[in-house]
Amino acid sequence: MFSQPIYVVDGARTPFLKSKNRPGPFAASDLATQAGRALLMRQPFSPSQLDEVILGCAAPSVDEVNIGRVAALRMGTGQKVPGWTVMRNCASGMQAVDSGISNILAGRSQLVLAGGVDALSRAPLLYAEKMVHWFSDMAAARTTGQRAALFARIPLKSLLAPVIGIMKGLTDPMVGLLMGQTAENLAHRFGITREQQDEFSVRSHRKVMQAQDEGRLAPGGGEVEPLYDRDGSVYPLDDGVRRDASIENLKKLRPFFDRKYGSVTPGNSSQITDGAAWLLLASEAAVKQHKLEPLGRIVDSEWAGLDPAQMGLGPVHAATPILQRHGLGLNDLDYWEINEAFAAQVLGCLAAWQDEKYCREELGLEKPLGALDQEKLNVDGGAIALGHPVGASGARIVLHLLKTLKRNHAKRGIACICIGGGLGGAMMVETV
C-alpha cells in the first residue's frame, strides 16, 4: 500500500500488429512516439512539463538502446526532461509504471509518462560464433590470397542458418526451456487438456472481436490510437484477432513446443507482435496544479519470484500478497486482467488458487483461495487474440483494467503478468 495517492490520469496504446515473418512497418521508437504523441496532445499541460519519461522494452534495437530517451525527444518533451529505459522481460511496461510510482512517492517526480514497447517482428537474426570468427578473420586478412583461402572454407551451414533472435530471447537461460515448454509443464502439473486450452483461446478471440465491433478496442474508444506509416497507410486495429476462431480450426494446429506429447500450439499461445502502451502518472499535487481528471489510481504493487520452469504461475505469487494485505478474496475484486502468455498458463493460475497443496506449500496459505469467477477475467480478451509485444503488455493490462472499471462503474481490480525467468508482477487499481 502506498503512502500517498498515485493517480493514472490517462493512457493510450497503439494497435498491436502481428508479426508476419518479416520486419514490421514500425520500429519500436516509432510505436512509442506515435502513441505518446496522441496521448500528450490531449493533455492540458506541455510535454516539457513532464518530470520524466520511463519506457520498458525487452528487446531494444542497437540503434535505440535507451529507447526511453529516444521516444521522449521524439515526442517533443524537450532536452531537459529525462528519459530512461527499464527491462523486466514480459513486465517491462509494468516495471516502468512501478518505477514512476517509486519516484513520485520519493518526491523526485510529480508527473511521469511511463509505459512499454517492443517491435518483436524486428528481433534480429544472429550469426553463430563460428561465423563471427570467420568474419573476424576476413577483416584481418591482408592479401587477396588470404581472402580467397577464407572464402574457400566459409562455414556455409552457419551462414545459411543464423540464430533466430526471438527464439533465443524466449528461452530461459537457467533451465534451457522455451516459454512454451514452461506452459507445457503447467498443463501437465494441473491436468489441463488441449480442449480446455483451445476453448479458452476461442473465447479470447471472440471477446476481442466484440470489443472491436462495439468500439472499446477501436480508435475513438479512448485506448487504441491508430498508427500511420510513411506511405500514409493506416493501422487502426489490433490485427491478430482471428474472426474465424473455432474449436474445429484450432484442432488442426499441431503442438509446437512438445511435438509428441504436448498440447500447447500456436493457436492457444500469445502471438508475436509489435506495439506500445503508455500511462500518465501524477501525484495529488500535479492533479491539482494542472486541474487533471484522473482515470483512477494505483493502490498497490507486488513482484515475486518462483521456479523459472513454472514461470507462468507468476501472477499467483504476485497477486496473492496484495489480496492478503488488503484482506480481499479473489472475487472481492470487480475485474481481473491476467496476461495471456498461453492459455495453459492462465488456466494454470486459476488451478493453482484452487489447489490446496499448492496454496499451502508454495504460497504459505492455510487453505486454497478458491475459484475465480471467469466472468470477471479478461472481459475484452487478451494476448492470445491481441498479441504480446513483451515490453508493452504489462502497461496495456493496467490501462485496460482501469478503462474497464470506469466504463462499468466498478471499483477495483488487479492486473498481473507472468515473467520469463520465473517472476510475477501485479498491480491493484481502483477508480476515483
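A pocket, on a 1 Å grid over the protein atoms alone, is an open set of points where a 1.4 Å probe fits, with protein on both sides within 12 Å along at least five of seven lines, and its lining residues have an atom within 4 Å of a point. Volume is the space filled by probe spheres set on the points, which are joined across faces, edges and corners.

The structure is a predicted model, in which local features need pLDDT of at least 70 and side-chain atom pairs pLDDT 80 or more, while totals for chains, interfaces and linings use all residues. Residues are numbered from 1 along each chain, and side-chain values use heavy atoms, without hydrogens or water.

The largest pocket has a volume of about 1000 Å³. Of its 36 lining residues, Ile-166, Met-167, Leu-170, Gln-271 and Ile-272 are the closest to the centre. Helix H7 (165-169), a DSSP run of H or I with at least four residues, numbered from the N terminus, gives the largest share of that lining, three residues.

The second largest pocket holds about 620 Å³. Its 30 lining residues include Ala-58, Ala-59, Pro-60, Leu-120 and Ala-123, the closest to its centre. Here too H7 supplies the largest share, with four residues.

I turn to the interior. The largest nonpolar core, a set of buried (under 20% relative accessible area, 1.4 Å probe, protein chains only) Ala, Val, Leu, Ile, Met, Phe, Trp, Tyr and Cys residues joined through side-chain atoms within 4.5 Å, has 46 residues. Among those with the most contacts (heavy atoms within 4.5 Å) inside this core are Trp-336 and Trp-353.

Methods:
Buried < 20%, exposed > 50% of the residue type's maximum accessible area, 1.4 Å probe, protein only. Helix = DSSP H or I, 4+ residues; strand = E, 2+ residues; numbered from the N terminus.
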